[in-house]
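User: I would like to learn how to read a protein fold step by step. Could we go through one together?

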Amino acid sequence: MEEPQPGFRFYPTEEELVGFYLHNQLEGKKQDEINRVIPVIDINGKEPWTLPTFAGERCRGETEQWFFFSPRQEREMRGGRPNRTTSCGYWKATGSPSYVYNSKNKVIGIKKTMVFYQGKAPYGRKTKWKMHEYKAIEQFDSSNTNPPKLRHEFSLCRIYVISGSFCSFDRRPLERPRVELQLDHNASTSAQQMVSEIDESNLHATFHSEGVGRDHDDVFMGGSSGTNWNEVANNGVDESEPLWEWEQLNWI
């Protein structure tokens, strides 16, 4: 596989992760090509900060996210729960599972989010390492109220680090550098005089205009008809509403 040019990155959608990569891995198709991009590794047996060294060809050199296939553990085959404890900490589930849809609005998988804690449970220290674990479903009937049946042979894991920036494209320092302006004595004096003249003119205009200042403030501050951006952010959808309880899903 050739080295990609700067600007080309492996940034698949959830539909591509589940519908193409995980589906083909479960069906045993195109495994040579796929495993070079997303290798098979026991996620639960390694510390998260060591995983980038095992990343596939398209994720080498990445600093924020990596993709792996995690096979089912032996204890899961015997009906037990997966062991998510490492020598330095443990993975802990957070939130509730959510659906993964394709472009035709059909459910193709389920996603679970986990956070890595350093130390022994339940008193570990939360870290910036997180994981999205994707599992494919055998079939899904929207009219059926029962939870979907999952495939457990492999799960696809997206390991990523909370970097403090919304996305790697918008690269900016965490602390904005301060810019200090060097003004000579004359420039500083003239600037102070200009600010004083502007303040006097604004004060004079305020006393001679009734009602304008209040209306103007209402427009920019929102007033009684201002938009509540907290409501607009989620379009009225309550993201905290769980789909099911954890015990309903057959993760084991």
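Analyst: Let us begin with a term we shall need: two strands are said to pair if DSSP finds at least two bridges between them. This is a predicted model, and in it β4 and β5 pair in the antiparallel sense over six bridges. As an example of one such partnership, Tyr134 has Leu156 in β5 as its bridge partner.

User: What holds paired strands together, and in what order do the strands lie in the sheet here?

Analyst: In general, the strands of a sheet pair through backbone hydrogen bonds, and the pairing may be parallel or antiparallel. Here the open sheet has five strands in the order β1-β5-β4-β3-β2, with antiparallel pairing. The edge strands are β1 and β2, each of which pairs on one side only, and the twist from one strand to the next averages 25°.

User: Which strands does α1 touch where it packs on the sheet?

Analyst: Contact here means heavy atoms within 4.5 Å. By that reading, α1 touches β1, β2, β3, β4 and β5, and its direction makes about 65° with that of β4.

User: Which residues touch the most other members of the largest nonpolar core?

Analyst: A nonpolar core joins buried residues of certain kinds through side-chain atoms within 4.5 Å. The largest one in this chain has 31 residues, and Ile38, Ile43, Leu156 and Ile159 touch the most other members. The largest share of this core, five residues, comes from α1. Setting aside residues up to four places away in sequence, Ile159 touches several residues, including Ile43, Leu51, Trp66, Phe68 and Trp129.

Technical notes: Residues are numbered from 1 along each chain as its sequence is written. This is a predicted model: local features need pLDDT of at least 70, side-chain atom pairs count only at pLDDT 80 or more; totals for chains, interfaces and linings use all residues. Side-chain values use heavy atoms; hydrogens and water are left out. Buried means under 20% relative accessible area, exposed over 50%, partly exposed in between (1.4 Å probe, protein chains only). Helices (H or I, at least four residues) and strands (E, at least two) are DSSP runs, numbered from the N terminus. Axes are lines fitted to C-alpha atoms, for helices over the stretch in contact, and angles run from 0 to 180 degrees between N-to-C directions.
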